[in-house]
Every structure is written in structure tokens, then in C-alpha cells.
Amino acid sequence: MTAHKSGDPTTLNRLYGRQSGPKLRKGQQELVDTLLPAISVPAEGEVTAANLFGPSSHGDRPLHFEIGFGGGEHMAYRADMLPDHGFIGCEPFLNGVVQALGHVRDQALGNVRLHMGDALDVLSRIPDGALSFVYLLHPDPWPKARHAKRRMMNPGPVAMIARKLKPGGEFRFGTDHPVYLRWALMVMNGHPDFDWLASEPMDFQNRPGGWPETRYEAKARRIGHEVWYFRYRRK
């Protein structure tokens, strides 16, 4: 047997890791029972800004897609900053979804839709060229070589992200894990569909404007990790 079996998240068709944590409190369970169904991405059919949010008075509504939003801080920040844009967040971890629901409720974010499950299930139903931004921030690094095929930063998912982004759209990736950093650079360097928006090290060592610190990033810094920020433009 080899440690480098073929496949990536587009072909494995399986979620790894835990999907729930401590038992929910009453108020948290109420969010899951009432708010989540109201703002969930439909289980079937094409996923478009118009289908999710209705017509926009400003023309085509820019659509953002976050893969694994954690506690939802980044998504909520961006959605609050850009109220005329639509945001889709996908996260398999129940307790993270609950935290995001709290942000949606407390900040009255009507421009957010959530999917508790595999992001690729939703991404595959978005029309090609429909997204303005895709975010993959601090994903599980799966640092062991035999688990590399589980990483979202793999040729299959990246090719799908490229198809779904409109020309000029942006793919943002962040990590504090050096193994994942090297892997991501290997996947992205020279990718035919993306231009790396960096001309010097400071461009990926400093957090860009409009990119808030998440709890995962703050935790990484507390334990002395360096954090890297990558922006790629769809050609």
C-alpha cells in the first residue's frame, strides 16, 4: 500500500472529522430549529444569487462563497460590510453553524445563507462564472502525507473553484500550517486559471484590508504560529 492514494475531496465523497461537539444549550437549539431552516441553501436545484436572495435593485448581486466558515466571524464581517452582496457559507460542524446563526441573528444579516455539510455539494450546483469571491480560511491541514487527499486545496476542488468564479473574481486562502502552506503553493503556483496577487513577501505576510481576524487565526498567533494570506485572481 502507498501513503499517496489517488483522489481528493471531489472524488472521495466523504466528510472527515467530527460534526458535533458539546450538547447545545436551549437557545442554541432554538436557532438550529427555527433560523437554520429559514436561511439554509435548498437541498436541490441550481444555486444562484437570485434564487437565494431574490432580485437585486442594483443589478446582478455579487455572490461570495466560504468553505468551512468555522464560527462565522469572517463571513459575518464581510456580509455586514457588503449588504448588497450575497454570502453562502458551508460548514459541517454543528457548533460552528450555531455560532454563525448567532451572528446572523445579532447582526440582522439578511444576505447570508448557510449549508451544514459538504461545501462541494453546494459549489457543484452553482453556475460556472457566478461567484465573485471564494474563501478557504484556515482549513484542516491534514498534515500526515496519507491524508493529503482530504485537503480542500487539491487539484479537483481548485479546478471547481476556478470554474465557478467569474473572470476577475478572487480566491482567498489563509493558513498558519507550514505543511499546508507548502502544499497549497505547489497546487497553486503556475495554475493556468489564476494570477497570484502578490509582488513581494509583505503581500502574503500581512492581512489584507477587509479580511478580519478569525478565532482560528488569533489562536494560531497566541501559540506563536506565523499566518499567511493568499489572494488569487481568476483570469
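Two residues are in contact when heavy atoms of the two lie within 4.5 Å. In this predicted model, Ser 132 is in contact with Pro 62, Leu 63, Leu 165, Lys 166, Gly 169 and Glu 170, its neighbours within four places in sequence being left aside. Ser 132 belongs to strand 4, which spans residues 131-137. Its relative accessibility is 12%; Ser 132 therefore counts as buried, the cut-off being under 20%.

Two of the residues in contact with Ser 132, Leu 63 and Lys 166, also help to line the second largest pocket. The space in this pocket comes to about 200 Å³. Its lining further includes Thr 48, Ala 49, Ala 50, Gly 54, Ser 56, Gly 59, Asp 60, Arg 61, Gly 129 and Ala 130. By residue type, the lining is made up of 4 nonpolar, 5 polar and 3 charged residues.

The backbone was also examined for positive phi values. Most residues other than glycine have a negative phi. Ala 108 is not a glycine, yet has a positive phi of about 50°. Ala 108 is located in the loop that runs between helix 5 (94-106) and strand 3 (112-115). With a relative accessible area of 64%, Ala 108 is exposed, since the cut-off for this class is over 50%.

His 138, another residue other than glycine, has a positive phi near 50°. The loop between strand 4 and helix 7 (155-164) contains His 138. The relative accessibility of His 138 is 15%, so this residue counts as buried.

Definitions and conventions: Residues numbered from 1 in each chain as written. Predicted model: local features only at pLDDT ≥ 70, side-chain atom pairs only at ≥ 80, totals over all residues. Heavy atoms only, no water. Helix = DSSP H or I, 4+ residues; strand = E, 2+ residues; numbered from the N terminus. Buried < 20%, exposed > 50% of the residue type's maximum accessible area, 1.4 Å probe, protein only. 1 Å grid on protein atoms, 1.4 Å probe; cavity = no way out; pocket = protein on both sides within 12 Å on 5 of 7 lines; lining within 4 Å. Points joined across faces, edges and corners; volume = space filled by probe spheres on them. Nonpolar A, V, L, I, M, F, W, Y, C, P; charged D, E, K, R; others polar.
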